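Student: Got a minute to go through this structure with me? I'd like to start with the covalent links and then wander a bit.

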Amino acid sequence: MKTSIKKTTAHRPWTRRALLATAAMATMASLAAPAQAGDLEVLHWWTSGGEAKAISGLKDQLQAKGHKWKDFAVAGGAGDAAMTVLKSRAISGNAPTAAQIKGPLLQDWAAEGMLANIDDVAKAEHWDDLLLPVISNIVKYKGHYIAVPVNVHRVNWLWINPEVMRKAGVKPPTTWDEFFVAADALKKAGVTPLAHGGQSWQDFTTFETVVLGTGGPEFYRKALIQLDPASLKSPTMEKSLTTFRRLKAYTDRNAPGRDWNLATAMVMKGEAAMQIMGDWAKGEFLAAGKTAGKDFLCVPAPGTAKSYTFNVDSFAMFKVKGDANQQAQREMASAILSPAVQESFNLEKGSIPVRKGVSLAKYDDCAKASAADFAEAGKANTLLPSIAHGMAVRPAAEGAIKDVVSQFWNSESITPAQAMDRLVSAAKTQ
């Protein structure tokens, strides 16, 4: 019998296609069919207002199917605290169903054999067609899907309170020279020019944005993605460090330790004029009932208009026991990339859909600009992973470089030359 099937399949290609189609239909049917309720323990660090509203839509959809969702939220804007908790849980053999993990760190978890293969869902729903290769490659390990991307965030945004700027008689800056002229005028008007939170990831977000605006996309790629020693210790990097340090004089004395969403609130309330932050900041404006183009403006950070630094949030799927729990996990993976969740989640989060073809009709001008710039940057090869947000280099090197940047920001005694030497050393960290 086995022999006859093999011969029939080999000599009649339409039969093979039919078998593959039947298998795909069976997989899709299993995703859609009612099943025994499973448990979903989901680790993430989305705890601010806009973030919490975004994740609640996914949670509601899965609970409507009967699954039990257990929120495992660990506060901390960059996810460092969440990763510490995750490592502890995983080592003890008690990993969650899914965890928010990004960039190269996904490869490390997959290499440890901790993550589940979700190719069955991906093939049934044609993820390779729905995602750009620059995205799908991030969530694959050795060609297999082990995570689901949720969104695309643009990092190199400058958020502006237009009323504060108008009163000070200044316009949104397009270069760093224009920024400092505007900042001086704002300071004279009694307003904090730049809202900032003195945490290492926020320092680094500002730093990488300055590097991009000062050196351009190719320099950014060499220095902060390839970690080229000559670029890390160059006149362009020295200029970037000098510009970065100048910014501190335009922040307020309460910045150290401040959470990013509290810095966003300063702009919202008119206590500060601008903030350099990814577009999750927009989720805070929207959650407060603010309108893009009226109550707040989004413009590319100085010097970065034709480039796009991105941060893609994704959920890694850990190996779980029990048919019901595995089915719940597959349904979670399917739900994340569904058009409905892609629309609702990203409307609240401030990001744009990672799935191709999702209508932006309900989105504001900031999101539409982000989507257009993302497409253009993809064509121009100026689409760049954010090192500050775990998208570009291995965690050890990223952490070491972050430390150097924050030390430089916080200590006037460290010269740009010393900082460059330390960056070169930090880049070698394995």
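Tutor: Sure. A disulfide joins Cys298 to Cys366, with 2.1 Å from S to S. The term stands for a pair of cysteine sulfur atoms within 2.5 Å, and by this rule the count comes to one disulfide. Before we go on, this is a predicted model, so to speak of local features we need pLDDT of at least 70, side-chain atom pairs count only at pLDDT 80 or more, and totals for chains, interfaces and linings use all residues. Residues are numbered from 1 along each chain as its sequence is written, and side-chain values use heavy atoms, with hydrogens and water left out.

Student: Which parts of the chain does the Cys298 and Cys366 pair link?

Tutor: Distant ones: Cys298 is in strand S11 (residues 297-300) and Cys366 in helix H18 (residues 365-380), 68 residues apart. Helices (H or I, at least four residues) and strands (E, at least two) are DSSP runs, numbered from the N terminus.

Student: Is the disulfide left-handed or right-handed, and why?

Tutor: Left-handed, because the torsion about the S-S bond of Cys298 and Cys366 is about -110°.

Student: And are Cys298 and Cys366 buried or exposed?

Tutor: Both Cys298 and Cys366 are buried. Buried means under 20% relative accessible area, exposed means over 50%, and partly exposed is in between (1.4 Å probe, protein chains only).

Student: What about Ser370, where is that?

Tutor: Ser370 is in helix H18 too. Its relative accessibility is 1%, so Ser370 counts as buried.

Student: Which side chain does Ser370 make a polar contact with?

Tutor: Tyr308, at 2.8 Å between the side chains. A polar contact here is a pair of N or O atoms within 3.5 Å; within protein, one must be able to donate a hydrogen and the other to accept it, and residues adjacent in sequence count only if both atoms are side-chain atoms. Leaving aside neighbours within four places in sequence, Ser370 is in contact (heavy atoms within 4.5 Å) with Arg154, Trp157, Asp279, Tyr308 and Ile352.

Student: Arg154 catches my eye. Which residue does Arg154 meet in a salt bridge?

Tutor: Asp373, at 2.7 Å from N to O. A salt bridge is a side-chain nitrogen of Lys or Arg within 4 Å of a carboxyl oxygen of Asp or Glu. Arg154 sits in strand S7 (residues 151-154) and Asp373 in helix H18, 219 residues apart, and the pair links distant parts of the chain.

Student: Are Arg154 and Asp373 buried or exposed?

Tutor: Arg154 has 0% relative accessibility, so Arg154 counts as buried. Asp373 is at 25%, so Asp373 counts as partly exposed.

Student: How many salt bridges are there in the whole structure?

Tutor: A search finds 18 salt bridges. One of them is between Arg166 and Glu163, with the closest N and O atoms 2.6 Å apart. Arg166 and Glu163 both lie in helix H9 (residues 162-168), three residues apart, about one turn of the helix. Arg166 is exposed at 54% relative accessible area, and Glu163 is partly exposed at 36%.

Student: What does Lys233 pair with?

Tutor: Lys233 forms a salt bridge with Asp421, closest N and O atoms 2.7 Å apart. Lys233 lies in the loop between helix H12 (229-232) and helix H13 (235-247) and Asp421 in helix H20 (residues 416-427), so the pair ties together parts that are 188 residues apart in sequence. There's also a network of salt bridges that links Glu41, Lys70 and Arg89.

Student: Changing topic: how many residues are in the largest nonpolar core?

Tutor: It has 61 residues, and those with the most contacts inside it include Leu58, Trp127 and Met317. Such a core is a set of buried Ala, Val, Leu, Ile, Met, Phe, Trp, Tyr and Cys residues joined through side-chain atoms within 4.5 Å. Helix H16 (residues 323-336) gives the most to this core, with five residues. A second, separate core of 53 residues includes Ile160, Leu186, Ala400 and Met420.

Student: Ala400 is in H19, right? What covers the buried residues of H19?

Tutor: Yes, Ala400 is among the buried residues of H19. What covers them includes helix H11 (200-225), H13 and H20.
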